[in-house]
4 protein chains.
Amino acid sequence: MSSSPPSRGRPRDPRSHEAIVGAVNELLAEVGYAATSIGAVAARAGVGKDTVYRRWRGKPELVFEAVFTTTDLAPTPDTGTLAGDLTALLQGLVDEFEAPAAAAALPGLLADFAADPVLRTRIRDHFLAPSKQRLAAVFERAAERGEIGSDTPVDLVLDTLAGAVFFHIGLVGESPDPQLAGRLAAVIAKGIEIR
Amino acid sequence: MSSSPPSRGRPRDPRSHEAIVGAVNELLAEVGYAATSIGAVAARAGVGKDTVYRRWRGKPELVFEAVFTTTDLAPTPDTGTLAGDLTALLQGLVDEFEAPAAAAALPGLLADFAADPVLRTRIRDHFLAPSKQRLAAVFERAAERGEIGSDTPVDLVLDTLAGAVFFHIGLVGESPDPQLAGRLAAVIAKGIEIR
Amino acid sequence: MSSSPPSRGRPRDPRSHEAIVGAVNELLAEVGYAATSIGAVAARAGVGKDTVYRRWRGKPELVFEAVFTTTDLAPTPDTGTLAGDLTALLQGLVDEFEAPAAAAALPGLLADFAADPVLRTRIRDHFLAPSKQRLAAVFERAAERGEIGSDTPVDLVLDTLAGAVFFHIGLVGESPDPQLAGRLAAVIAKGIEIR
Amino acid sequence: MSSSPPSRGRPRDPRSHEAIVGAVNELLAEVGYAATSIGAVAARAGVGKDTVYRRWRGKPELVFEAVFTTTDLAPTPDTGTLAGDLTALLQGLVDEFEAPAAAAALPGLLADFAADPVLRTRIRDHFLAPSKQRLAAVFERAAERGEIGSDTPVDLVLDTLAGAVFFHIGLVGESPDPQLAGRLAAVIAKGIEIR
DNA sequence: CTTTAAGCGAGACGGTACGTCCCGTCTTCTT
DNA sequence: AAGAAGACGGGACGTACCGTCTCGCTTAAAG
């Protein structure tokens, strides 16, 4: 029963939303996260600052939505083996993090989220949630096949995978080892398999 | 035979150095990384801002040195098994990251390092170097025992371990799973062992 | 028909302007010109520094406007004699320079104006312009009465009068000879009269 | 009988004194009074800052001595007429003020002297004293010749002359009217003559 | 002929002010 | 009511000087 607000007065212009999101992505790639100020975003988007603050609470939320909203759509991989599924999942993470705007935004974004108690609680829920969901499905099928136990810790593995990818892409910055996903998946898959 | 510079003029007062480092650690724990401004550090240390800038190029370098300089001294673990050595190594990482000042500083510090091309190259060299050295020694002994191959990728494993710990402590923020080191070590050790 | 600019955005608050000007006058009288920093002015006025810099380029312009804007309104004296007119004019200069804020500001203000090539050209135009205009009118009437020639050099006399007053008030600092205006006017009037 | 101090320890090197004075004059002409900092002077002179502070109390005293010490030597003019003597005296003032270092220093120097109660009292005594002495001698002879009364106010005339020259040279900055001395002397002489 | 004291170049020291940038809020007019 | 514009109070930035201090060294007079 989502009651939409009464909606009096002038409705929000959806073109502003798009212009802002576009400006954020451009600025992230051009000047980095720190220099992507709300004022600069608004100016680039041809929009007033209030129009930004009316839609987002601050820079972290704005950047997060601008950068990480196209990714929830990937299908859960189903290659028939745990290692294969993990490789596919990881490759998705790598691709997502490797986009110029995302790579530029990630470290600063995580820092801002970590610094705010309110935002910190949302990291798992909103930042890694889609990946976690897919990882859980992968584990479920692997457990059915008998490759792993049914109590394999999803969070531990997810943190491990995400942390490894983050360290490679966010902090080293070079175009990463193209085999990163496969090699990492192999180690983890072997590490959690039964026997 | 390192020839120290001729050292003309008044030498720098080591008490200033200590006072600054102490102020940084206090402020990190009290107000966090973002609010730990150079000006606040100088005021807390009873020191002029120039005295800070004379010794460090900026906040990232200052905080890094203030927080992560006591750690290079840990001995390389030698428990007789790969899993045991990894657990000990990881526990060191966890302990290091878990200190209040370190936990408060880590995400912002990594973001600032990642944003600066010059600093980014130093991350591996100075931030993870001691851990990498110890990990390599652990791998060497494990290879001699026949537990792993001699070509086991140190960097991949180090990123994986550090990333996992960082994600747990820096981003979740709660007092982490006390068994984190052991569980993670078990997975990785099994993942890289021969057979 | 001065067409004011389109005036988009929030207009500047005239109360800020008044608060700043008031703070400048208070600080000049209390701590002098050198210690009247922009930061102190802003703090005293309860205003951000940008609000000051948005209106004035720097301290000299700010102080000049704060101190010397009430004076353009004096009427041109017309006592019937050159000496009388000069006395009245000089008394106006003395009164203007003698105000606590003005006396405190004058030497430093002239120094800052003199040091900047751009500002230096404005001294005559904006600082002495009203006085020059009145002096020219006085000379014109005196020439019509036959007291002086029509080619009497206005600038020379103006510099002489202003310089004398400045030296007395700005540099000696004591409450000056109350007869200064009259005695100086007598000398100058006699010096430029025909015969 | 001024007893020179016992003079123990190493005597002051007179070459430092000369180097400092030379550096002040160079810097005044090159970068102006405001930018002629004690630190810059010391660096230019190849001298430590303390060596400057040991000899002078601060910038105003230093600059004053560096710029206005060669002038006390001019002889008192004696042309036979008041106007002639005044012209010669004024030309001396003009020449003194017109020197690049002096013209650059004057406004700021007067401002600093005026701002300090201690220094302010010295202005007449040390800054204008030589000129005042000569002017008094000129007046005495003119009174003996019957050109002026014996009660002609020396200070008033001196302020008037100095103020006019200062305003012309210090504030306008252009190379001044070469006839300034003569024209101004004519006006003043006529203004104070009997009849 | 050594002590002692001051001068000296260098530069670190605690402060203060600079002028700029960005924050998130507010106030105007326009749509 | 939303929007573009931009002013607002606040605070941090990194730099430049201030006038004092602390080094190691040099230079002379005093003991």
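In this predicted model, 34 residues of chain D are in contact with 34 residues of chain C. Together the two chains bury about 2800 Å², and 74% of that area is on carbon and sulfur atoms. On the chain D side, the residues that lose the most area to chain C are Leu156(D), Phe167(D) and Lys190(D), which together make up 23% of what that side buries. If you are looking for charged pairs here, the rule finds zero salt bridges across the interface of chain D and chain C.

How are the two copies arranged? Chain D superposes on chain C with an RMSD of 0.2 Å after a rotation of 180 degrees, with 0.0 Å of shift along the axis. The two copies are thus related as by a two-fold rotation axis. Their contact surfaces tell a matching story: 100% of the interface residues of chain D are also interface residues in chain C, so the copies meet through the same surface.

Chain C has other neighbours to consider. Chain A and chain C do not touch, and their nearest C-alpha atoms are 10 Å apart. Chain B has no contact with chain C either, the closest C-alpha atoms of this pair lying 17 Å apart.

Within chain C, helix α6 covers residues 100–115. At 1.5 Å a residue, its 16 residues should span 22 Å, and the end C-alpha atoms are 24 Å apart, which agrees. Even so, α6(C) bends by about 45 degrees at Leu106(C), with a proline, Pro107(C), following within four residues. Both Leu106(C) and Pro107(C) are buried, and other buried residues of α6(C) include Ala101(C), Gly108(C), Leu110(C) and Phe113(C).

Now for the charged side chains: over all chains, the count comes to 33 salt bridges. Three of them are set out here, with the distance between nitrogen and oxygen.

| Salt bridge | N to O distance |
|---|---|
| Asp177(A) and Arg183(A) | 2.7 Å |
| Arg15(B) and Asp13(B) | 2.9 Å |
| Glu61(C) and Arg57(C) | 3.8 Å |

Is Glu61(C) buried or exposed? Its relative accessibility is 15%, under the 20% cut-off, so Glu61(C) counts as buried. Its partner Arg57(C), at 71%, counts as exposed. Salt bridges that share partners also join Glu26(A), Glu30(A) and Arg44(A) into one network.

In the chain A pair, Asp177(A) is partly exposed at 27% relative accessible area, and Arg183(A) is partly exposed at 35%. In the chain B pair, Arg15(B) is exposed at 61%, whereas Asp13(B) is partly exposed at 25%.

Notes
Residues are numbered from 1 along each chain as its sequence is written. Chains are lettered from A and ligands numbered from 1 in the order in which they are written. This is a predicted model: local features need pLDDT of at least 70, side-chain atom pairs count only at pLDDT 80 or more; totals for chains, interfaces and linings use all residues. Side-chain values use heavy atoms; hydrogens and water are left out. Copies are superposed by least squares on the C-alpha atoms of residues with pLDDT of at least 70 in both. Contact means heavy atoms within 4.5 Å. Helices (H or I, at least four residues) and strands (E, at least two) are DSSP runs, numbered from the N terminus. The expected span of a helix is 1.5 Å times one less than its number of residues. The bend at a residue is the angle between axes fitted to the seven residues ending there and the seven starting there. Buried means under 20% relative accessible area, exposed over 50%, partly exposed in between (1.4 Å probe, protein chains only). Buried area is the accessible area (1.4 Å probe) that two parts lose on being put together, summed over both. A salt bridge is a side-chain nitrogen of Lys or Arg within 4 Å of a carboxyl oxygen of Asp or Glu.
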